Amino acid sequence: MKMVNAFNMKRAAAGLRRINLDGLRWRVFDAKGQVLGRLASQIATVVQGKDKPTYTPNRDDGDMCIVLNAKDVCVTGRKLTDKVYYWHTGYVGHLKERTFKDQMAKDPTEVIRKAILRMLPRNKLRDDRDRKLRIFPGSEHPFGDRPLEPYVMPPRRVREMRPRERRAMIREQKKAELQQQKTDGTKKGKKREAPEESA
Amino acid sequence: MTRIKRGYIAGKRRRKIRLFTSSFRGAHSRLTRTITQQKIKALVSANRDRDRKKRGFRSLWIHRINAIIGKNKKKQYNRYSNLLYNIYKGQLLLNRKIVAQMGILKGNCLRMIANEIIT
């Protein structure tokens with residue numbers, strides 16, 4: 001992955017010539033601990049320029065978006081193993097697939113990039129908007145000398161847990177407490193580790 | 001009956017249409033049959049889009065107002081619907097176009113108005 005990182009850096013700085021205006025701001029998004037889709041929708045609004053009062057639909061006026069810590073982006077539910085990316089190569093019968101986990105292992109920036117691109121309107125400006133996105137798996141980026149502005153995500157309303165999930169969580173907590181109490185003496189064969197919640 | 005040629009009657013008619021279509025691209029300004037078709041299409045589009053234009057601009061103003069609201073006035077309200085509701089309640093005759101233009105050019109004015117409206 002370090003090889004890929006070095007390559008990314010050079011490529012990231014290179015494509016800047018094609019973007020005309022530099023009255024644009026440089027917004028920095030930190031993906032650490034953010035839920036994938038919610039982050040992507042915020043980025044999509046910024047990249048389209050929809051948070052500016054001078055929004056014009058036929059002109060691409062979005063800000064440059066830099067996304068850091070792409071490998072730390074989170075996903076709820078069972079999506080880590082169950083979310084599958086499909087694509088068809090064009091040849092008959094060649095529908096390929098790859099799970100979220102494998103994609104993260106291969107190239108974590110692609111996950112966020114796909115999420116954002118699929119949220120942008122499919123028109124002629126989509127490619128230009130793609131060029132304005134720079135995604136980095138870690139927290140280093142070659143744009144340190146630019147005037148960067150961190151983006152504060154709006155507060156998230158987490159819905160309260162469904163009753164079954166809550167009961168399961170309470171059961172696990174109680175088991176964890178009981179195990180801690182029983183540290184001395186006999187341990188029966190009921191060693192079930194409390195399953196880790198996907199972060 | 002003697003033979004009568006049609007003369008230039010059809011040509012007169014087509015010349016008018018050709019004048020209309022004179023700035024179109026390629027065959028659409030050169031070939032007679034396509035010229036008549038393209039003129040009809042152009043007029044149809046113009047007619048239809050005169051109404052669409054009104055819709056389009058209204059939607060553009062609403063987008064812009066939303067952008068301004070979301071960015072600045074987080075303390076007060078996040079919503080376009082709230083702002084407009086308050087405008088109606090306060091019996092201001094501002095329409096969306098003016099509000100959107102105010103937001104671009106004179107942001108402070110809009111903020112002052114919004115402040116007064118909420119309370």
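Okay, to get us going: the side chains of which two residues meet in a salt bridge at 3.3 Å, N to O? Hold that thought for a second. One thing to say up front is that this is a predicted model, and I'll come back to confidence at the end.

So, the pair is Arg129(A) and Asp60(A). Where do they sit? Arg129(A) is in helix α6, residues 126–131 of chain A, while Asp60(A) is in the loop between α2 and β2 of chain A, so this salt bridge ties together parts that are 69 residues apart in sequence. And are these two buried or exposed? Arg129(A) has a relative accessible area of 2%, so we call it buried. Asp60(A) comes out at 16%, and because the cut-off for buried is under 20%, Asp60(A) counts as buried too.

Stay in that loop for a moment. Lys52(A) and Asp63(A) form another salt bridge, and their closest N and O atoms are 3.0 Å apart. Both residues belong to the loop between α2 (36–48) and β2 (64–68) of chain A, with 11 residues separating them. Asp63(A) is at 0% relative accessibility, so that one is buried. Lys52(A), at 11%, counts as buried as well. And this pair has company: Lys52(A) and Asp63(A) are part of a salt-bridge network that also takes in Arg25(A), Arg27(A) and Asp51(A).

Now back to helix α6, where there's another salt bridge to look at. Asp128(A) and Arg131(A) meet with 3.1 Å from N to O. Both are in helix α6 of chain A, three residues apart, which is about one turn of the helix. How accessible are they? Asp128(A) is at 29%, so it counts as partly exposed, and Arg131(A), at 26%, is partly exposed too. If you tally salt bridges over all chains, the count is 13.

Let's move over to chain B. What is chain B built from? Five helices and zero strands, so if you read along the sequence you just get α-α-α-α-α. Now look at the overall shape. A compact globule of 119 residues would have a radius of gyration near 14 Å, but chain B has 26 Å. The box tells you about the shape as well: the C-alpha atoms of chain B fill roughly 90 × 30 × 20 Å along the principal axes.

What about the surface of chain B? Of its 119 residues, 24% count as buried. Chain B exposes about 9500 Å², and carbon and sulfur atoms supply 54% of that. As for contacts, take the ones in chain B between residues at least 6 apart in sequence: 38% of those join residues at least 24 apart.

Last bit, as promised: how confident is the predictor about chain A? The mean pLDDT of chain A is 80, and 81% of its residues reach 70 or more. Among the elements of chain A, strand β3, residues 84–88, has the highest mean pLDDT at 92, and helix α1, residues 2–14, has the lowest at 56. Then there's residues 189–199 of chain A, where pLDDT stays under 50. For that stretch the model has nine contacts beyond four places in sequence.

And if you want one thing to find in the viewer, go for our opening pair, Arg129(A) and Asp60(A), with that 3.3 Å salt bridge. That's me done, thanks!

Notes: Residues are numbered from 1 along each chain as its sequence is written. Chains are lettered from A and ligands numbered from 1 in the order in which they are written. Side-chain values use heavy atoms; hydrogens and water are left out. Helices (H or I, at least four residues) and strands (E, at least two) are DSSP runs, numbered from the N terminus. The radius of gyration is taken over C-alpha atoms; the globule rule is 2.2 Å times the number of residues to the power 0.38. Buried means under 20% relative accessible area, exposed over 50%, partly exposed in between (1.4 Å probe, protein chains only). Contact means heavy atoms within 4.5 Å. Accessible areas come from the Shrake-Rupley method with a 1.4 Å probe; for residues, only the protein chains shown count as cover. A salt bridge is a side-chain nitrogen of Lys or Arg within 4 Å of a carboxyl oxygen of Asp or Glu. pLDDT is the predictor's confidence in each residue, from 0 to 100.
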